[in-house]
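Biologist: I am new to reading protein models, and I would like a close look at a single part of this one. Could you walk me through the strands and what they enclose, step by step?

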Amino acid sequence: MLSALRIATQSHRPWSSPLLQHSAAAPRLARLFHPSLPPAATLNQATRRKPPKKTKTSKAPLLEGNTQKKGVISHLFVLKPKKPNSARRKVARVKLSSGKTLQAYIQGEGHNLQEHGVVLVRGGRAQDLPGVRYKLVRGALDFGAVVNRMTARSRYGAKKPKQ
């Protein structure tokens, strides 16, 4: 009696299909969908919910999440900076241990780098050189420190002078 009533009430429902109707042979399946879309969130619900987290893109993607990567210099060259500045900025093309190639800025006055030198690359762009998003670490591997540097020595790999 009840099962006949249940089947009769399901027949006028647009969302019930013959496959989902109760039968003795097949086990009862749950309703898979509903004909109407869920209502949009109210203003109160929207303000109470947390805003979706924005994924932050890396400023140094070729380092692959590492702070530094080792690489081999394939080419050394000089670039001119953007409009208001005027100089000759030293830049190296470096092939990383991961196989990717990038341009890295050589900081400080003077350097001892040559092609095929092994260097350490870190993130940090040269502000007036478009496309240069990496810097070389001074005083590491084949790259020497700045000579006679007194201020900001750790940035340039210089030791404390003897008194």
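Modeller: Here is a walk through the strands, the core residues and a few loop positions.

Please keep in mind that this is a predicted model. Let's start with the whole chain. The protein chain has three helices and five strands. Read from the N terminus, its elements come in the order α-α-β-β-β-β-β-α. Of its 163 residues, 23% are buried. Among contacts with a separation of 6 or more, 49% are between residues 24 or more positions apart. The exposed surface of the chain is about 12700 Å², and carbon and sulfur atoms supply 55% of that.

Now to the part you asked about. The five strands form a closed barrel, running β1-β2-β3-β5-β4, and the pairing is mixed. From one strand to the next, the twist averages 55°. As background, strands of a sheet pair through backbone hydrogen bonds, either parallel or antiparallel.

We can take some of these pairs in turn. Strand β1 covers residues 68–79 and pairs with β4 in the antiparallel sense, over five bridges. Within that pair, Lys-69 has Val-121 in β4 as its bridge partner. Strands β2 and β3 also run antiparallel, and five bridges join them. Here Val-91 stands opposite Tyr-105 in β3. The hairpin made by β2 and β3 has four residues between the strands, and Gly-99 takes a positive phi near 95° in this hairpin. Strands β3 and β5, by contrast, pair in the parallel sense, over two bridges. Tyr-105 turns up again in this place, with Lys-135 in β5 as its bridge partner.

Next, look at the nonpolar residues. The largest nonpolar core has 15 residues, and the members that touch the most others are Val-94, Leu-102, Leu-113, Val-119, Val-121, Tyr-134 and Leu-136. At least two residues of this core come from each of β2 (89–96), β3 (101–105), β4 (118–123) and β5 (134–136). Strand β2 gives the largest share, three residues. Apart from this core lies another one of six residues, including Phe-77, Val-91, Ala-126 and Val-132. In soluble globular proteins, nonpolar side chains tend to be buried together.

Two members of the largest core are good places to zoom in. The first stop is Val-121, which sits in strand β4. Val-121 counts as buried because its relative accessibility is 0%, and the cut-off for buried is under 20%. Setting aside neighbours within four places in sequence, Val-121 is in contact with Leu-63, Thr-67, Gln-68, Lys-69, Val-94, Leu-96, Leu-102, Tyr-134, Lys-135 and Leu-136. One of these partners shows how folding brings parts of a chain together: Val-121 and Leu-63 are 58 residues apart in sequence, while their C-alpha atoms are 8.3 Å apart in space.

The second stop is Leu-136. With its neighbours within four places in sequence left aside, Leu-136 is in contact with Ala-92, Val-94, Ala-104, Tyr-105, Ile-106, Gln-107, Leu-113, Val-119, Leu-120, Val-121 and Phe-143.

Let's finish with the loops, where three residues are worth finding on your screen. Asp-128 lies in the loop between β4 and β5. Asp-128 counts as buried because its relative accessibility is 12%. Its side chain makes a polar contact of 2.6 Å with the side chain of Arg-89. Beyond four places in sequence, Asp-128 is in contact with Pro-81, Lys-82, Asn-85 and Arg-89.

Glu-64 is in the loop between α2 (43–48) and β1. Although Glu-64 is not a glycine, its phi is positive, at about 55°. Glu-64 counts as partly exposed because its relative accessibility is 41%.

His-116 is placed in the loop between β3 and β4. His-116 is not a glycine either, yet it has a positive phi of about 70°. With a relative accessible area of 63%, His-116 is exposed.

To retrace the route, begin at the closed barrel of five strands, move to Val-121 in strand β4, and end at His-116 in the loop between β3 and β4.

Key:
Residues are numbered from 1 along each chain as its sequence is written. This is a predicted model: local features need pLDDT of at least 70, side-chain atom pairs count only at pLDDT 80 or more; totals for chains, interfaces and linings use all residues. Side-chain values use heavy atoms; hydrogens and water are left out. A nonpolar core is a set of buried Ala, Val, Leu, Ile, Met, Phe, Trp, Tyr and Cys residues joined through side-chain atoms within 4.5 Å. Buried means under 20% relative accessible area, exposed over 50%, partly exposed in between (1.4 Å probe, protein chains only). Contact means heavy atoms within 4.5 Å. A polar contact is a pair of N or O atoms within 3.5 Å; within protein, one must be able to donate a hydrogen and the other to accept it, and residues adjacent in sequence count only if both atoms are side-chain atoms. Accessible areas come from the Shrake-Rupley method with a 1.4 Å probe; for residues, only the protein chains shown count as cover. Two strands pair if DSSP finds at least two bridges between them. Axes are lines fitted to C-alpha atoms, for helices over the stretch in contact, and angles run from 0 to 180 degrees between N-to-C directions.
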